[in-house]
Amino acid sequence: MSTEEDQLLIGAHTSAAGGVHNALYEGQKIGATTVQLFTSNQKQWKGRVFTQKELDLWQQALEETGLQKIMCHDSYLINLGAPNPEVLEKSRKAFREEIERCLLLGISYLNFHPGAALKEDRGQCLDRIVESLLEVEELVAEGPTELLLESTAGQGSTVGYRFEELGYIVDKVKGRLPIGVCIDTCHSFVAGYDIRTEEEWDKTLQEFDRQVGLDYLKAFHLNDSLKGLGSRVDRHKPLGEGEIGLESFRVLMNHPATRNLPKYLETPGGPPVWTKEIALLRNLFLINGISKR
Ligand SMILES: [Zn+2]
Ligand SMILES: [Zn+2]
């Protein structure tokens, strides 16, 4: 393996069933160099509290697997821009607990869904998200965890599908919080950003740079899409089996602005599919390297 290939950060959202350390071992089994996981049940408000034993197992698994840049995905229930005060309160508490768990585990990134406006004005929703984030300023300063806004598909009233909205939030909290963006390829494609060719990727990245700033692009969720460009319907497909196509992922693996950023698969099919896809992504990197030499 070339050293550059060694350093590729590719993984998947692995299972923490039976303990968070299991997500790391599953990553190792599929040939990953990083993973994303839920540190608690993503469909419950009540957060998991780790025992010392679990923390020890996690540390041991980190050492044994050598995985880097671990990402946590936040609970699906959290809406940091919720118009309902009770839901907002619960969301803020749960988000703090997400950060606390990340700090205990030494996790690099907490990826979170920006929020949903429901029946309210989108601008107010964005401002409430900013307020929610500023509340964790001191907590997040205690450790290595960066907060990453996930680009959304724009289903329903969710905010953060347009780069302008992500840029608005980043702009209001940068300098005070370690903030960044994780682009989900399926979400941004169905949100209307074409990424099927090198030329289209260039345009999309230029647009991201204008609206957010490329310095804030930190990671990717890799998914092909069942639905077409601009459909705003979030349905993941294995790489190369959807509307985006493999060429997009070849570009992503090799583009100077994206090749060194960590990438996490969320494709359907689980570990057998991810094993193949991780090998495929490595090949897409190598093929390009050879053809350009
Ligand atoms: Zn997500
Ligand atoms: Zn999705």
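**View 1. The site of the zinc ion (ligand 2), with its protein donors.** In this predicted model, the zinc ion (ligand 2) takes its protein donors from His-187 (NE2), Asp-234 (OD), Asp-234 (OD) and His-236 (NE2), which lie 2.0 to 2.5 Å from the ion. Along the chain, these donors follow the spacing H-x46-D-x1-H. The site is irregular, with angles of 53 to 130° among its 4 donor atoms. Asp-234 is partly exposed at a relative accessible area of 25%, and His-236 is partly exposed too, at 22%.

**View 2. The site of the zinc ion (ligand 1), with its protein donors.** Here the coordinating atoms come from His-73 (NE2), His-113 (NE2), Glu-150 (OE) and Glu-150 (OE), at 2.1 to 2.7 Å from the zinc ion (ligand 1). The spacing to look for along the chain is H-x39-H-x36-E. This site is irregular, and the angles among its 4 donor atoms run from 53 to 142°. His-73 sits in strand β3 (residues 71-73), while His-113 belongs to the loop between β4 (109-112) and β5 (115-116), so the two histidines tie together parts that are 40 residues apart in sequence. His-73 counts as buried because its relative accessibility is 3%, below the 20% cut-off. His-113, by contrast, is partly exposed, with a relative accessible area of 26%.

**View 3. The two zinc ions together.** If you bring both ions into one frame, you will find the zinc ion (ligand 1) and the zinc ion (ligand 2) 5.7 Å apart.

**View 4. The largest nonpolar core.** This core has 78 residues, and those with the most contacts inside it are Trp-58, Ile-70, Phe-95, Ile-99, Leu-133, Leu-147 and Leu-281. Helix α4 (residues 85-105) gives the most to this core, contributing 6 residues. A second, separate core has 6 residues, among them Tyr-109, Leu-148, Cys-182 and Ala-219. As background, nonpolar side chains in soluble globular proteins tend to be buried together.

**View 5. The surroundings of Leu-147.** Which residues does Leu-147 contact, leaving aside its neighbours within four places in sequence? Phe-95, Ile-99, Leu-110, Phe-112 and Leu-133 are among them, and the list continues with Val-136, Val-140, Pro-178, Ile-179 and Gly-180. Leu-147, Phe-95, Ile-99 and Leu-133 are also among the residues with the most contacts inside the largest nonpolar core.

**View 6. Ala-17 in its loop.** Ala-17 has its place in the loop between β1 (10-13) and α2 (21-29). Is Ala-17 buried or exposed? Ala-17 is exposed, because its relative accessible area is 56%, over the 50% cut-off. For a sense of distance, the C-alpha atoms of Ala-17 and Gln-155 are separated by 29 Å, and these residues are 138 residues apart along the chain.

Notes
Residues numbered from 1 in each chain as written. Chains lettered and ligands numbered in written order. Predicted model: local features only at pLDDT ≥ 70, side-chain atom pairs only at ≥ 80, totals over all residues. Heavy atoms only, no water. Donors = N, O, S within 2.8 Å, 3.2 Å for Na, K, Ca; no water. Tetrahedral: all angles 85-135°; square planar, octahedral: opposite > 155°, others 65-115°. Buried < 20%, exposed > 50% of the residue type's maximum accessible area, 1.4 Å probe, protein only. Helix = DSSP H or I, 4+ residues; strand = E, 2+ residues; numbered from the N terminus. Core = buried A, V, L, I, M, F, W, Y, C linked by side-chain atoms within 4.5 Å. Contact = heavy atoms within 4.5 Å.
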